[in-house]
Amino acid sequence: MSKIQKIRGFQDIYGEEAKKYRYVVDTFRKVFEFYNFKEIILPYVEDISLFKRSVGEATDIVQKEMYVFTDKGGREVALRPEGTASCVRAYIEEKMYAEGGYHKLFYEGAMFRYERPQAGRYRQFHQIGAEIFGVSSVLADAELISMVDNVLKKLKINYKLEINSLGDFQSRKSYTQNLVNYLKKYENQLCETCQKRIELNPLRVLDCKVPTCKEITKEAPKITEFLSEESQKRFLQLKEYLKALNVDFIENPRLVRGLDYYTDTVFEFITEEIGAQGTVAAGGRYDNLVEQLGGPPTPALGFAAGIERLMLLVKDLPKEKPLITVIPITPDYNIQSIQLSNKLRNINLKSETMLKEGSLKSMLKTADKLKSDFVVFVSDKYELKDMASGQQEIFYTQEDLIEALKDKI
Ligand code: HAM
């Protein structure tokens, strides 16, 4: 029979990789807790118009990357390509704004984008992200960026942080017009995609990787020259706060991001160690989005990190608890063995009962394959073997054995 394979761009994450996944996620979650973010668990499937109206009709994500289908009730739905849109929908739908104050939420889970798979780019990938609703102070931008900086430092990752300001709606509009005028002069020299982008999504031309496009946009007008006084002030303040928090950053006036909802602050944490897909975490402000999706005017901002990309960079995992494997030398000692294993687990020691019967030699070999640090042979006595040193000791009661194990671990 032919074997069934996983779908292109999808992955099984197990073994050491699963440990890295958990380590990345746990590191974020711990830091989120100290910054007082609360978890929100969001649906994987949403009405397709949510993404059209937030991520943007003209973006690559909406134009060509979404997994879209009609459900049995005839609804046009999409697998979420990102988390911000769902978070905003929930903020509005659950009327969180009515509670007053402001909200700090975080989420984690799979996202789906039909992109060309390559190292660090998958069709199902996982993000961990956070959003802040109801705060316009630049303090929030600085704290959010500094929080991500903190986590990446804890994960011991080499990266640079790029920041930019896209300005408010007015600054963006006048900049876009100027950029379009500039790009039109070079229209025939731009790549085919960028020629279409001039009308559809001109800012994206700035992040095209094609060398001729890159060359042309080098001299293009810069968004920072078009910022309103207020946006300029905010950007200056952000830089001041980041310096005060010892966060190193580079200003990149070409940083535009691939989603339409951003205003003012945008940022990307980029590594050079995993090839072309080097952005490990990114985000920014989106002060118009809540209103755009039918909620009250609400300033907001957030970020998301790509868990798989961070997994590629994590080198050292925290040390695991030592494993004690309990082996009944014959089935006559099975009950005694499962009871001993349970006792060990109840005092927070990691224990495995040998579940595969066989000769002593084969069971010891299995214990070694399971990466046991200690083995206990159970008979009318307890023989403890330290797998690293080979040293053996005999105990006549479980209590004595447990005391000895506690001392060693
Ligand atoms: P994004 O830049 O589209 O932003 O995605 C955030 C991160 O997800 C990327 O920097 C990258 O690490 C990871 N990522 C994206 N696509 C893939 C892929 N195909 N394979 C592996 N990893 C990927 C957002 O999604 C925004 N929602 C971030 C945000 C939150 N902005 C404000 N709040």
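Select helix H1 (residues 16-34) and helix H5 (residues 138-154) to begin, and show side chains: Tyr-23, Thr-27, Phe-28, Val-31 and Phe-32 of H1 meet Met-147, Val-151 and Lys-154 of H5, where contact means heavy atoms within 4.5 Å. By class, the residues of this contact are six nonpolar, one polar and one charged; Ala, Val, Leu, Ile, Met, Phe, Trp, Tyr, Cys and Pro count as nonpolar, Asp, Glu, Lys and Arg as charged, and the others, Gly among them, as polar. This is a predicted model, in which local features need pLDDT of at least 70 and side-chain atom pairs count only at pLDDT 80 or more, while totals for chains, interfaces and linings use all residues. Residues are numbered from 1 along each chain as its sequence is written, and side-chain values use heavy atoms, with hydrogens and water left out.

Now look along the two helices, which pack at an angle of about 140° with their axes 10 Å apart; axes are lines fitted to C-alpha atoms, for helices over the stretch in contact, and angles run from 0 to 180 degrees between N-to-C directions. H1 and H5 are therefore oblique to each other, given that angles under 35 degrees count as roughly parallel, over 145 as roughly antiparallel, 65 to 115 as roughly perpendicular and the rest as oblique. Their crossing is right-handed, a crossing being left-handed if the near helix is turned anticlockwise from the far one by less than a right angle, and right-handed if clockwise. Helices (H or I, at least four residues) and strands (E, at least two) are DSSP runs, numbered from the N terminus.

Keep H5 selected and add helix H9 (residues 229-244), which packs against H5 at an angle of about 45°, the axes being 9 Å apart. That angle makes H5 oblique to H9, and H5 passes H9 in a right-handed crossing. On the H5 side the contact is made by Val-138, Leu-139, Asp-141, Ala-142 and Ile-145, and on the H9 side by Arg-234, Gln-237, Leu-238, Tyr-241 and Leu-242. Seven of the residues in this contact are nonpolar, one is polar and two are charged.

Move next to the open sheet of three strands, whose order is S2-S4-S3 with antiparallel pairing; two strands pair if DSSP finds at least two bridges between them. Strand S2 (45-47) and strand S3 (68-70) stand at the edges with a single partner strand each, so one side of each is left without a neighbour in the sheet. Neighbouring strands here are turned by 40° against each other on average, direction ignored. Zoom in on S3 and strand S4 (residues 76-79), which run antiparallel and are joined by three bridges; the bridge partner of Val-68 in S4 is Ala-78.

For the wider view, colour domain 1 (15-168 + 228-313) and domain 2 (323-408) separately, with bounds that come from an automatic or database domain assignment. Their centres, taken over C-alpha atoms, are separated by 48 Å.

Then select the open sheet of five strands, ordered S13-S12-S14-S15-S16 with mixed pairing. Its edge strands are strand S13 (350-353) and strand S16 (392-395), each of which pairs on one side only. Neighbouring strands of this sheet are turned by 20° against each other on average, direction ignored. Strand S12 (residues 323-328) and strand S14 (residues 374-378) run parallel and are joined by five bridges, and Thr-325 stands opposite Val-375 in S14. Helix H13 (residues 360-369) packs on the sheet and touches S12, S14 and strand S15 (382-386), its direction making about 165° with that of S12. H14 lies across S12, S14, S15 and S16, and runs at about 15° to S15.

Finish by adding helix H12 (residues 334-346) to helix H14 (residues 398-408): the two pack at an angle of about 40°, with their axes 12 Å apart. That makes H12 oblique to H14, and H12 passes H14 in a right-handed crossing. The residues to display are Gln-336, Leu-340, Lys-343 and Leu-344 of H12, together with Gln-398, Glu-399, Leu-401, Ile-402 and Leu-405 of H14; they divide into five nonpolar, two polar and two charged.
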